[in-house]
Amino acid sequence: MKVLVADDDPGSLLVARAAVERYGHDCLTAADGDEAWALYLEHQPDVVVTDWMMPGMDGLALCRAIRARGADLYTYIVLLTSQGSRDDVLAGLAAGADDYVTKPLDPFVLHARLLVALRVTTLHADLAHYRKVLSQQARTDPLTGLHNRLKLSEDLEQLHARSQRYTEGYCVAMCDVDNFKSYNDIYGHQAGDLALRAVAGALVGAARKTDGVYRYGGEEFLLVLPNQSQLSAKAFMERALDTVRELEIVHSGDPLGQLTLSAGISAFTPEHPADADTLLGEADAALYVAKAAGRNRVELALQ
């Protein structure tokens, strides 16, 4: 582990550093609270062993500052003090310390605290990892690997706020695989799943890094296109439809004999500052126009 020891007493600091390094840990040292805080921000240690009374930021203030950061990885804090009353102990724990050691420092006691710290910080690291994995899973469509509607809502909210603030435009394109029900009826749902994955891959391949590609539901996909006008978005989506056709997925139930895509586009502009839900509704309506006009095409929403 990486351990930061803060103490304005040079003798205590030397003893603590020797004990930490003796048991195989990396040690950083600070002679006052302000230096300790700077080292903490720079190195993000796993454990902080801090004296209570120090020049500058004292031990309680350092505890509070560390806890106020709310970092993903947990820092285990041991308060080192000559004040051993119950009220002092409770004050330290209330400030954010996990444990305390009274002076003069016993290297064996410190070693025991570091063993506990290792278990606690390892557990918190594991929990942080699992939280990250679960968060990603909650925002990912399991079939296609695309972002799902939860992530779409989050991303659209951020993009919409930024576009309003900086008077920038963006477009949303609602896409639907043409005659997909008959594709499933003819070839089976397993083949349908493979086709959806292939279409998802084609859309991701056609998109820019700044674009968002989402599975909206069933055979529907949604693309979020920042800094695009309706006309430039239409040109992009027509190229995307070409990319899907180039997959040459045979579909005997489609008039063209292959799997195709239809799309409807709506745009947020200074002249049309619609909210995100309205834009999605407009794109969906334009998609229905594309379907009614014969499919395998892109239509723009009336705005």
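**Exercise 1.** Leaving aside its neighbours within four places in sequence, which residues is Val-199 in contact with? Place Val-199 in its core in this predicted model.

*Solution.* Step 1: beyond the four-place window, the contacts of Val-199 are Val-177, Phe-221, Val-244, Leu-247, Leu-259 and Leu-261. Step 2: the largest nonpolar core has 32 residues, and Val-199 is listed among those with the most contacts inside it, together with Val-177, Leu-203, Phe-221, Leu-223, Met-237 and Leu-261. Step 3: two or more residues of this core come from each of strands S6 (170-177), S8 (220-226) and S9 (261-268) and helices H7 (180-187), H8 (189-206) and H9 (230-245). Step 4: a separate second core has 20 residues, including Met-54, Met-57, Leu-79 and Ala-97.

**Exercise 2.** Check the span of helix H1 (residues 10-22) against its number of residues.

*Solution.* H1 has 13 residues, so at 1.5 Å a residue the expected span is 18 Å. The C-alpha atoms at its ends are 18 Å apart, in agreement.

**Exercise 3.** Which residues of H1 are buried, and what do they pack against?

*Solution.* Step 1: Ser-12, Leu-13, Ala-16, Ala-19 and Val-20 are the buried residues of H1. Step 2: these residues lie on the same side of H1, because their arc around the axis is only 130°. Step 3: they pack against strand S1 (2-6), strand S2 (26-30) and helix H5 (107-138). Step 4: exposed Pro-10, Leu-14 and Arg-22 are on the face turned away from the buried side.

**Exercise 4.** Describe what caps H1 and what follows the helix.

*Solution.* At the N-terminal end the cap is Asp-9, with a side-chain oxygen 3.0 Å from the backbone nitrogen of Gly-11. After H1 comes Gly-24, with a positive phi near 90°.

Key: Residues numbered from 1 in each chain as written. Predicted model: local features only at pLDDT ≥ 70, side-chain atom pairs only at ≥ 80, totals over all residues. Heavy atoms only, no water. Helix = DSSP H or I, 4+ residues; strand = E, 2+ residues; numbered from the N terminus. Expected span 1.5 Å × (residues − 1). Buried < 20%, exposed > 50% of the residue type's maximum accessible area, 1.4 Å probe, protein only. Arc of directions from axis to C-beta. Contact = heavy atoms within 4.5 Å. Polar contact = N/O pair within 3.5 Å; in protein donor to acceptor, adjacent residues only side chain to side chain. Core = buried A, V, L, I, M, F, W, Y, C linked by side-chain atoms within 4.5 Å.
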